[in-house]
Amino acid sequence: MPGLTNSPGAAIDVARKQGNTRPGMEKFGIGQAVRRREDERFLTGAGRYIDDQHFANLTHGAVVRSPHAHARIVSIDTGEAEAAPGVVAVITPDVYFAQGFGPIPAMTAIDGIVEGTLNHPPRHALADATVRYVGEPVVFVVAETKFKALAAAELVTVGYEELPAVVDLAHTLDADSPMIWPEAGSNLAFRFEKGDAAGVEAAFEGAAHRVTLDLVNNRIAPMAIEPRGVVGEYDAESGTLTLNVSGQAVHAQRNQMAAAVFKVEPDSMRVVAGDVGGGFGAKNFVYPENILVMLAAKLTGRPVKWISERSEAFLSEVHARDHVTRAELAVDAEGRFLALSVDTIANMGSCLSTMGPVVPTAASWVSMGGTYVVPNIHMSVRAAYTNTMPVDAYRGAGRPEAAYIMERLVDAAAFDLGIDPVEIRRRNFVRDYPYSMPLGLTIDCGDFSGTFEAAAEAIGLDGFDGRRAASEARGRARGIGLSSYLEVTLGMPSEAMELRFESDDTVTILAGTHSTGQGHETAYAQIVHETLGVPFDRIGFRQGDTAAIAVGGGHGGSRSLKIGGSTLLRSAQSVREKGRAAAVHILDAAADDIEFADGLFAVRGTNRRIGLFELERAVREAGDLPETVAPTLTTVGRFERERHSFPNGCHIAEVDVDPETGDVDLLAYVIADDFGRIVNPLIAAGQARGGAVQGIGQALLEGVVYEPGSGQLFTGSLMDYALPRADTVPDLPVGFNEAAPTDTNPLGVKGAGEAGATGAPAAIVNAVLDALKPHGVRHLDMPLTPEKVWRALLQG
Amino acid sequence: MSQIHVSTTLNGDPVEYLCEPDETLLDVLRDRLGLTGSKEGCGSGDCGACSVTVDGRLVCSCLVLGAEAQDREIETIEGVAQGENLHPLQQKILDHAALQCGVCTPGFIVAAKALLERNPDPSETEVRYWLAGNLCRCTGYDKIVRAVMDAAQEMRGA
């Protein structure tokens, strides 16, 4: 891509410019397209995901779920199930609530929640007298095999008294709506306010134009290809509960379950994850099944496994997005933005999941306004309960919603004012950095217009009119859609990363972050290799075990490279300094005479030298060391985020619409990203593309649908819920703009994981609406199914 | 119900096992034979993570009964590499980093291998349509498609 680094070859040039030219560094250092070390086991079928692991004496669990969206439980008869062949235990609500467990916690300490509006009812692993969504766990059955457990679960008879249900955000806050938590008096979970309402109102009053857009950010399902799965174990002797989980945040899960649910010391609980087959946020959280398998293991004395079936995943894994928003933009006579007003109703589902309240609030305001100068912003959110599965963080979590609002609103402004969408963006980009956003954060750096222009050149924006004419000649409508997105790296702000020197001349990275396919095993090793010169194959990696790793912030918010990688860099730098002090002692030299290169400490001008591993053995074996020398090079580094970083970029989509069918053909798609310094372009580009296709899926195909009234889930299988497939998408060229380095962290990275899903939805929707513009269609809500597009063309 | 005795050929080796009449080939492979490379992503034939070949024909092993393997030749991901040597498809997927979490990867490799065995020179469109039976939620497919095209080219040259 012109002006950008978009291939391994180009990235090598960038790395060299940064002075990265020492021998050996070309292959495995920072900036190199290093092949992923984790891949060989995945390629040969040797990955160890939760369902691939062996547990002796294992039993299997099945969940009896509510068939109703809202009902009182009147009776539960487990007699037949308990007598069924192979049944080991049946956990009813009576059994569960006799344990004295606390509710599953959720994050509600959020600045901006309007005082007195928080309504946070308790959520437990099994329903307590009332079920509030289809699929809510009611009884847990444990048997010798999975099929025996499923068969016995069928024999549990639950009597229900049905209650009226509401699944629709547009009606749940109505005064006559069925009440999900009647004790609160309404379905409002909380209200949230941010920004200067009076200032925004004044700006609108003085503005030449008021652009108003009502839009829906559709409810979607994360759908990692490996379903959720857990195995609970209990060691009666030590009293230790162990959760083996396909999960992404073992320390947070351990801490939350120990403190809030089981009410035990964290040390008496272990959470461990092997290979994880994708998560995208959804596997971060404490789910009912995670608690149930541990309780069942304790009650039966045997390991208990539960693996979600795909249909169960639709019912019981958190959903995402599901916002209804009225957004308004004040624009002056020259097409410059003056103020933004956002009024959102956010669906929480039937109760608050772990990070559910954070998504439409703290994780969304941070990037509101996007890549443009918007002097005044006000945001108001009403979070609402419905009789649906709880909603929580999924790739981007709040920032895709903010990006979608802004990028759709900019196109609506262009539509209303008769300005070209390219031109209106050029007029409003932030161009002076640092830029203080009106809601409080400061964008330290960026090159928003440069990144935008690179993407425009890559897709051939100048030649678009000709291509449109060619499409029209074939009876098709062609459109191009721009999306200049802003992301903010979030997640747990601090990390500890250990570099442990082993006795076999290797060094192990013990990471508190969690890779579920993001290639940490490789990218982290590149950082260590670059800093310490240790051979790449002598760097080990371990993650995801609370027994082996003391603390960890896990996965989320595109944090791993920025927070984890920076922490690791600090660890490696500390090792170097400790090594230098040790070398002074062991080589008997003056500190100023010690040089370090390629893993060797040398005394300047002599042939005396010692490698890191040799040095480690020397300090370990040395009887008496001076105070200046540590007895090992093993080091735990720490880093805490002080300032946010702002990944950003531009997605451009080009589509052809068949007016006869409404079918949208995605012809071309380009991505230009500013992720700061690129540690591994292969991995970074994979993140950009994979995220983009999730966003493309949201825009064109995906939507979780509950039937109004009954609250039944219509989209309960992969036949009903469409995921993007290989024939949905074209090639996805990616380029990186590294012209705006950030100093918000020592590694100089901005974060990459969520950007794709943040940028893509608006690019697709803007492209389709550009194609429909001659037909007078101003807005359509996602997903843009052929039926929806076809109907719009008929009515347009 | 009594168990069924099955004799079959698995990755070139003769294999015998007992299975339940209603047990899927996927469960036999994973739970009885210890071959966990084939994954269950849906159990309904929608995701392709359990792809294997039966007498050279690409199938979802979650939709085939273990008993149906009698006198067949079954090939799974575990039979794709020759000892330490990766198959060109595996090598190209590695070179392109055309995988992330890896859970769909065995199914893609088995499916792509079946494609190249019947069509050694597929167009990109043919690759995309053939692989449309395999879901990947991480990569966006781009690099998988490119890796398969590259492997096809290399295999034609070899």
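This report covers salt bridges, helices and unusual backbone geometry in a predicted model.

## Salt bridges

A search over all chains finds 56 salt bridges in the whole structure. Three of them are set out below by their closest N and O atoms.

| Acidic residue | Basic residue | N to O distance |
|---|---|---|
| A:Asp51 | B:Arg30 | 3.6 Å |
| A:Glu328 | A:Arg210 | 3.1 Å |
| A:Glu423 | A:Arg427 | 2.9 Å |

A:Asp51 and B:Arg30 form a salt bridge. The pair crosses between chains: A:Asp51 sits in the loop between α3 (39-43) and β1 (59-65) of chain A, and B:Arg30 sits in helix α1 (residues 25-32) of chain B. A:Asp51 is partly exposed, at a relative accessible area of 28%. B:Arg30 is buried, at 7%.

A:Glu328 and A:Arg210 also form a salt bridge. This pair links distant parts of the chain, with the two positions 118 residues apart. A:Glu328 belongs to strand β13 (residues 320-331) of chain A, and A:Arg210 to strand β8 (residues 209-220) of chain A. A:Glu328 has a relative accessibility of 14%, so it counts as buried. A:Arg210 has 48%, so it counts as partly exposed.

The side chains of A:Glu423 and A:Arg427 meet in a salt bridge too. Both residues lie in helix α13 (residues 421-428) of chain A. They are separated by about one helical turn because they are four residues apart in that helix. A:Glu423 is partly exposed, with 30% relative accessibility. A:Arg427 is partly exposed as well, with a relative accessible area of 31%.

Salt bridges that share partners also build a network: A:Arg689, A:Asp731, B:Glu124, B:Arg128, B:Asp142 and B:Arg146 are joined into one.

## Helix contact between chains A and B

Three of those network residues return in a helix contact: A:Arg689, B:Asp142 and B:Arg146. The helices are α19 (residues 681-700) of chain A and α5 (residues 142-157) of chain B. Two packed helices are described by the angle between their axes and the distance between the axes. Here the axes come within 10 Å and cross at roughly 120°. That crossing makes α19(A) oblique to α5(B).

On the chain A side, A:Leu682, A:Gly686 and A:Arg689 take part. They meet B:Asp142, B:Lys143 and B:Arg146 of α5(B). By type, the residues of the contact divide into one nonpolar, one polar and four charged.

## A buried helix and a buried threonine

Helix α12 (residues 399-417) of chain A has 19 residues. From its first C-alpha to its last it reaches 27 Å, close to the 27 Å expected at 1.5 Å a residue. How many of its residues are buried? The count is 16 of the 19, so α12(A) is largely enclosed by the rest of the structure. Just after α12(A), A:Gly418 takes a positive phi of about 70°.

A:Thr172 lies in helix α7 (residues 169-172) of chain A. At 1% relative accessibility, A:Thr172 is buried, since buried means under 20%. Leaving aside residues up to four places away in sequence, A:Thr172 touches A:Val166, A:Ser177, A:Ile180, A:Asn187, A:Ala384, A:Tyr385 and A:Thr386.

## Backbone exceptions

Most residues other than glycine have a negative phi, and most peptide bonds are trans. Several sites in this model depart from that pattern.

A:Asn57 has a positive phi, near 65°, and is not a glycine. A:Asn57 lies in the loop between α3 and β1 of chain A, the loop that also holds A:Asp51. With a relative accessible area of 49%, A:Asn57 is partly exposed.

B:Tyr141 is not a glycine either, yet its phi is positive at about 70°. B:Tyr141 lies in the loop between α4 (124-130) and α5 of chain B. Is B:Tyr141 buried or exposed? B:Tyr141 is buried, with a relative accessible area of 0%.

Cis peptide bonds come next. One joins A:Tyr433 and A:Pro434, with omega about -5°. A:Pro434 lies in the loop between α13 and β16 (435-436) of chain A. Another cis bond joins A:Met782 and A:Pro783, with omega about -5°. A:Pro783 lies in the loop between α20 (755-772) and α21 (786-795) of chain A.

Terms used:
Residues are numbered from 1 along each chain as its sequence is written. Chains are lettered from A and ligands numbered from 1 in the order in which they are written. This is a predicted model: local features need pLDDT of at least 70, side-chain atom pairs count only at pLDDT 80 or more; totals for chains, interfaces and linings use all residues. Side-chain values use heavy atoms; hydrogens and water are left out. The expected span of a helix is 1.5 Å times one less than its number of residues. Buried means under 20% relative accessible area, exposed over 50%, partly exposed in between (1.4 Å probe, protein chains only). A salt bridge is a side-chain nitrogen of Lys or Arg within 4 Å of a carboxyl oxygen of Asp or Glu. Axes are lines fitted to C-alpha atoms, for helices over the stretch in contact, and angles run from 0 to 180 degrees between N-to-C directions. Angles under 35 degrees count as roughly parallel, over 145 as roughly antiparallel, 65 to 115 as roughly perpendicular and the rest as oblique. Contact means heavy atoms within 4.5 Å. Ala, Val, Leu, Ile, Met, Phe, Trp, Tyr, Cys and Pro count as nonpolar, Asp, Glu, Lys and Arg as charged, and the others, Gly among them, as polar.
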